[in-house]
2 protein chains.
Amino acid sequence: MNLTPLAERFVLHFGEMGSRWGVNRTVGQIYALLYISGKPLCADEIGETLAFSRSNVGIGIKELQAWRLVKLVHLPGDRRDFFEPPKDVWDIFRVLMEERRRREIEPTLSMLREALLERPDSEADQIAQDRMREMHGLIELTTGWLDEVQRLSPETVIRLMQLGAKVQKVLEFADKLKFGGRDGGEA
Amino acid sequence: MNLTPLAERFVLHFGEMGSRWGVNRTVGQIYALLYISGKPLCADEIGETLAFSRSNVGIGIKELQAWRLVKLVHLPGDRRDFFEPPKDVWDIFRVLMEERRRREIEPTLSMLREALLERPDSEADQIAQDRMREMHGLIELTTGWLDEVQRLSPETVIRLMQLGAKVQKVLEFADKLKFGGRDGGEA
DNA sequence: TTAAATTTCCAGTAAATACTGGAAATTGAA
DNA sequence: TTCAATTTCCAGTATTTACTGGAAATTTAA
């Protein structure tokens with residue numbers, strides 16, 4: 001399979017960006033190719049198009065599967081493995097957020113929880129623990145919020161985003177109408 | 001300067017996590033150390049505490065400055081450069097979001113904008129461009145929302161987060177009261 | 001059960017990144 | 001202006017990560 005100049009630019013860009021997103025060039029390019037192809041591709045097709053060795057494609061796909069960004073599909077009458085990304089771009093977004101959270105946030109949250117259980121036995125530890133408590137509070141708040149948002153339908157989330165800063169006005173109304181914080185009471 | 005076991009765990013953890021956040025071990029550890037120290041540190045102190053060469057500390061600090069995660073300060077009667085992170089953890093959060101957006105999102109947005117201006121001259125390009133349009137729409141929506149949210153006070157953002165999924169109820173009210181989308185009209 | 005197609009694994013190699021120590025440049029007090 | 005303190009730069013080395021080709025294992029149609 002041969003790439004059009006348009007497709008090639010897209011693929012090369014994702015290869016470059018890969019490193020900023022925690023994956024290597026190969027993985028970035030493979031994902032980009034699958035994303036714009038509009039149909040499932042098999043490992044050989046990918047390797048041929050991007051000029052990667054068969055093994056390299058295999059490793060890349062395995063990584064994308066670990067990210068839940070591509071899934072394995074089978075075409076009737078063909079025993080090869082084919083791969084495709086989630087159809088809906090919102091699904092991709094959600095998965096990406098979940099995975100990044102799992103990899104980048106959760107380990108730190110665990111560490112902080114443990115560290116905050118200990119009794120500080122010096123002034124330095126006292127200060128350090130205070131700082132950790134601040135960080136912990138922020139992470140709890142934002143991940144808790146993310147949990148809640150994920151329970152909303154994509155349509156609601158879209159509406160919310162379109163509302164933008166006007167949400168402040170809505171909030172002021174909420175105050176009057178006694179919509180409180182997450183405990184349901186007033187602030 | 002010597003680390004307590006508590007502080008050491010924190011520092012080592014951030015060293016490990018660094019790679020997942022797009023910085024190396026050195027940078028992660030330096031930042032962690034500055035974060036929990038509660039006072040500005042100079043390069044020598046950092047290098048001595050973490051057992052890094054003086055140059056390595058210099059490079060690491062430069063990178064943290066590029067991220068706007070530490071700032072240079074001077075202590076009276078001392079000509080050495082001292083460094084400290086923003087005091088407020090919400091500032092750190094905001095800067096982190098801004099920088100990640102600038103590095104991870106903006107380049108892709110530019111590329112998509114350009115690619116979408118072109119006239120597709122094959123069915124494959126047509127499909128590819130459709131996919132790019134989807135991605136572009138999602139990014140525009142979310143970054144536009146982020147822009148708006150940044151205009152709110154931290155207190156408002158905190159309240160919003162604490163509201164969580166209950167925001168849906170508020171939105172339903174907003175509907176009745178004719179709070180519309182970002183254009184101010186009704187949906 | 002066999003054999004061809006396909007995937008996974010692995011050892012070796014290539015490339016990129018991180019790190020060091022020292023030399024050069026810069027800074028600021030005297 | 002001088003000189004000591006401090007920072008920045010740079011070349012070389014070490015470490016880590018990426019990639020390849022082939023061999024072994026697995027799968028499935030016949």
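Which protein side chain has an N or O atom 3.0 Å from a phosphate oxygen of DNA strand C? The residue is R25(B). Keep in mind that this is a predicted model. The tour below starts at the DNA, moves to the contact of the two chains, and ends inside chain A.

Begin with DNA strand C. The protein places 13 residues around this strand. R54(A), D81(A), T26(B), S55(B) and R79(B) are the closest. Of the atoms of DNA strand C that come within 4 Å of the protein, 66% belong to sugar and phosphate. R25(B) has one of the phosphate contacts, at 3.0 Å. N56(B) has another: a polar atom of its side chain is 2.9 Å from a phosphate oxygen of DNA strand C. A base is reached as well. A polar atom in the side chain of S55(A) lies 3.4 Å from a base nitrogen of DNA strand C.

Now find the helices behind these residues. Three of them each supply at least two residues of the surface near DNA strand C. They are helix 4 (54–66) of chain A, and helix 2 (25–37) and helix 4 (54–66) of chain B. Helix 4 of chain A gives the most, with 3 residues. The surface near DNA strand C has no nonpolar residues. Its residues divide into 6 polar and 7 charged.

Turn to DNA strand D. Here 13 residues surround the strand. T26(A), S55(A), R79(A), R54(B) and D81(B) come nearest. Sugar and phosphate make up 65% of the atoms of DNA strand D that come within 4 Å of the protein. Chain A offers several phosphate contacts. The side chain of R25(A) has a polar atom 3.0 Å from a phosphate oxygen of DNA strand D. The side chain of N24(A) has an N or O atom 3.5 Å from a phosphate oxygen of this strand. S53(A) uses its backbone: a polar backbone atom lies 3.1 Å from a phosphate oxygen of DNA strand D. Helix 2 (25–37) and helix 4 of chain A, with helix 4 of chain B, are the elements that give two or more residues to this surface. Helix 4 of chain B has the largest share, 3 residues. The surface near DNA strand D counts no nonpolar, 6 polar and 7 charged residues.

Next, look at how the two protein chains meet. Chain B puts 73 residues into the contact, and chain A puts in 73 residues. The size of an interface is often given as the accessible area lost when the parts come together. Chain B and chain A bury about 7000 Å² between them. Carbon and sulfur atoms carry 69% of that area. On the side of chain B, L6(B), R131(B) and R159(B) supply 10% of the buried area, more than any other three residues.

Charges also pair across this interface. The count between chain B and chain A is 6 salt bridges. R9(B) forms a salt bridge with E118(A), with the closest N and O atoms 2.7 Å apart. There are 18 residue pairs in polar contact across the interface, both residues at pLDDT 80 or more. Six elements of chain B give two or more residues to its side: helix 1 (5–18), helix 2, helix 5 (89–117), helix 6 (123–150), helix 7 (154–163) and helix 8 (167–176). Helix 5 of chain B gives the most, with 14 residues. The side of chain B that touches chain A has 39 nonpolar, 15 polar and 19 charged residues.

Finally, stay within chain A. The chain is divided into domain 1 (5–84) and domain 2 (89–176). Their C-alpha centres lie 32 Å apart. In chain A, 8 residues of domain 1 are in contact with 9 residues of domain 2. The two domains bury about 860 Å² between them, 58% of it on carbon and sulfur atoms. W21(A), W67(A) and R68(A) lose the most area on the domain 1 side, together 65% of what that side buries.

R68(A) has a further part here. R68(A) forms a salt bridge with E98(A), the closest N and O atoms being 2.9 Å apart. The count between domain 1 and domain 2 of chain A is 2 salt bridges. On the side of domain 1 of chain A that touches domain 2, the residues divide into 6 nonpolar, no polar and 2 charged.

Conventions:
Residues are numbered from 1 along each chain as its sequence is written. Chains are lettered from A and ligands numbered from 1 in the order in which they are written. This is a predicted model: local features need pLDDT of at least 70, side-chain atom pairs count only at pLDDT 80 or more; totals for chains, interfaces and linings use all residues. Side-chain values use heavy atoms; hydrogens and water are left out. A residue is near a molecule or strand if one of its heavy atoms lies within 4 Å of it. A polar contact is a pair of N or O atoms within 3.5 Å; within protein, one must be able to donate a hydrogen and the other to accept it, and residues adjacent in sequence count only if both atoms are side-chain atoms. Helices (H or I, at least four residues) and strands (E, at least two) are DSSP runs, numbered from the N terminus. Ala, Val, Leu, Ile, Met, Phe, Trp, Tyr, Cys and Pro count as nonpolar, Asp, Glu, Lys and Arg as charged, and the others, Gly among them, as polar. Domain bounds come from an automatic or database domain assignment. Contact means heavy atoms within 4.5 Å. Buried area is the accessible area (1.4 Å probe) that two parts lose on being put together, summed over both. A salt bridge is a side-chain nitrogen of Lys or Arg within 4 Å of a carboxyl oxygen of Asp or Glu.
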